Amino acid sequence: SDLFGIGDNQVGMELMGHSKDDRTRYSASLLSSNDGSPGLPTSRGYDAFFTASQAFQVGSLGLQRIGAFAYLGQAPTYYQFTQTSTTEVGTDSSGAPVTQTTTAGIPGTGIGNKSFYRAGLIGQIYIKKYDLTAMFFHSADSAYLGTGTAANTPLPAGAQKPVWNGGLFESHYMFNPQFILINRYELIRMSQQALPVVAGTPFTPGVSVPSANFGNMDVLTFGWRYYPFISSRAGFAFHNEYAISRQRGTSPINGLDLTFSSLLAGFDFAF
């Protein structure tokens, strides 16, 4: 599987460095293709992650930074070896045991690798008490990964690699070092679905194909962070966020948009 979080902790090796004044930074990593999980639960493959950034002074506004990143890799599409296990799940009317047989892949034997990539740009802008982090990324998966098809079997009719773009805009306004307002907007826009899409056609699961904006997602978040105390030895923060998100055409009931919200309240203590 190519399911991973680009910001997750990973297992691998990293070469990183910076210029004498720290305005130029770079990093190159070789990572296990298991999203940081030890023991190779899926495959024996490796991914690569590259970043580079440059900072520059803009008058009295301060130091600004722009950069680029790329995550390149391959993910397995099926297991070379599997194992079968039988579990007793109950008894029938006569008292005889009822068993269930399951087949699962043997960890580390994932093969049939197919490629994927994530690449983008990032900028950090500072204007006195206000700062904005803006990110754009472009992504694509193999058609085998996009449709969940094993590489040793034919692709579904009309299958193609899914392609999508994403963005993030996160801003902070610091009233003072102890109180910060947070706002974040995230979006995903599908450029090409893994299976054919007929533009303008409503999507009803099991009946029709999705509309052109199927899977597009928007998330809007508001929050604040308050530090009752900060010292050189320890810090304590009270963090609150409210988020509302909408995903186009993905309701399993009627094929309409899914909208949901969440509320976060938490404490951070660092020492």
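Is D22 buried, partly exposed or exposed? In this predicted model, D22 is partly exposed, because its relative accessible area is 28%, a value that falls between the limit of under 20% for buried residues and that of over 50% for exposed ones. D22 is located in the loop between β1 (12–18) and β2 (24–32). Its phi angle is near 70°, which is a positive value in a residue other than glycine. The side chain of D22 also takes part in a salt bridge with R25, in which the closest N and O atoms are 2.9 Å apart. R25 is likewise partly exposed, with a relative accessible area of 38%.

A positive phi angle is also found at K128, where the value is near 55° and the residue is again not a glycine. K128 belongs to the loop between β9 and β10. With a relative accessibility of 68%, K128 counts as exposed.

The salt bridges were examined next. The structure holds 8 of them. In one, D268 and R225 meet through their side chains at 2.6 Å, N to O. D268 lies in strand β15 and R225 in strand β13, so this pair ties together parts that are 43 residues apart in sequence. The two partners fall into separate accessibility classes: D268 is partly exposed at 36%, whereas R225 is buried at 16%. Another salt bridge joins D257 to R248, with 3.6 Å between the closest N and O atoms. D257 has a relative accessible area of 34% and is therefore partly exposed; R248, at 24%, is partly exposed as well. In addition, E170, R184, E186 and E241 are joined into one network by salt bridges that share partners.

Attention then turned to the aromatic residues. A pair of aromatic rings is described by the distance of the centres and the angle of the planes. A search of the whole structure finds 9 aromatic pairs. The pair of W224 and F238 is edge-to-face, with 5.4 Å from centre to centre and 80° between the planes. Since W224 lies in strand β13 and F238 in strand β14 (residues 235–247), the pair ties together parts that are 14 residues apart in sequence. Both rings belong to partly exposed residues, with relative accessibilities of 31% for W224 and 25% for F238. The pair of F236 and F267 is stacked, because the ring centres are 5.6 Å apart and the planes meet at 20°. Here F236 lies in strand β14 and F267 in strand β15 (residues 258–270), so the pair ties together parts that are 31 residues apart in sequence. F236 is partly exposed at 22%, while F267 counts as exposed at 56%. W224, F238, F236 and F267 are among the members of a cluster linked by ring pairs, which also includes Y173, F175, F179 and F229.

W224 appears again in a nonpolar patch on the surface. This patch is formed by F56, V58, L61, I66, I125, I127, Y130, Y173, F175, L181, W224 and Y226, and together these residues have about 980 Å² of accessible area. Strands β3 (46–58), β9 (114–127), β11 (163–176) and β13 (217–230) each supply at least two of its residues. One patch member, I125, lies in strand β9 and counts as partly exposed, with a relative accessibility of 41%.

In soluble globular proteins, nonpolar side chains tend to be buried together. In the present model, the largest nonpolar core has 7 residues, namely L31, F49, F69, Y71, A75, F116 and L145. Strand β4 (residues 62–75) provides the largest share of this core, 3 residues.

Two further buried positions were considered. T133, in strand β10 (residues 130–141), is buried with a relative accessible area of 17%. Apart from its neighbours within four places in sequence, T133 is in contact with I122, G123, Q124, L168, F169 and E170. G110, in strand β8 (residues 110–111), is buried with a relative accessible area of 7%. When residues up to four places away in sequence are not counted, G110 touches T42, S43, R44, P76, Y78 and Y79. Of these contacts, Y78 is 32 residues from G110 in sequence, and the two are 5.6 Å apart in space, C-alpha to C-alpha.

Terms used:
Residues numbered from 1 in each chain as written. Heavy atoms only, no water. Core = buried A, V, L, I, M, F, W, Y, C linked by side-chain atoms within 4.5 Å. Buried < 20%, exposed > 50% of the residue type's maximum accessible area, 1.4 Å probe, protein only. Helix = DSSP H or I, 4+ residues; strand = E, 2+ residues; numbered from the N terminus. Patch = residues over 30% accessible without salt bridge, like charges linked within 9 Å, V, L, I, M, F, W, Y side chains within 5 Å. Areas by Shrake-Rupley, 256 points an atom, 1.4 Å probe, with all protein chains shown as cover. Salt bridge = Lys/Arg side-chain N within 4 Å of Asp/Glu carboxyl O. Contact = heavy atoms within 4.5 Å. Phe/Tyr/Trp six-rings, centres within 6.5 Å; stacked < 30°, edge-to-face > 60°.
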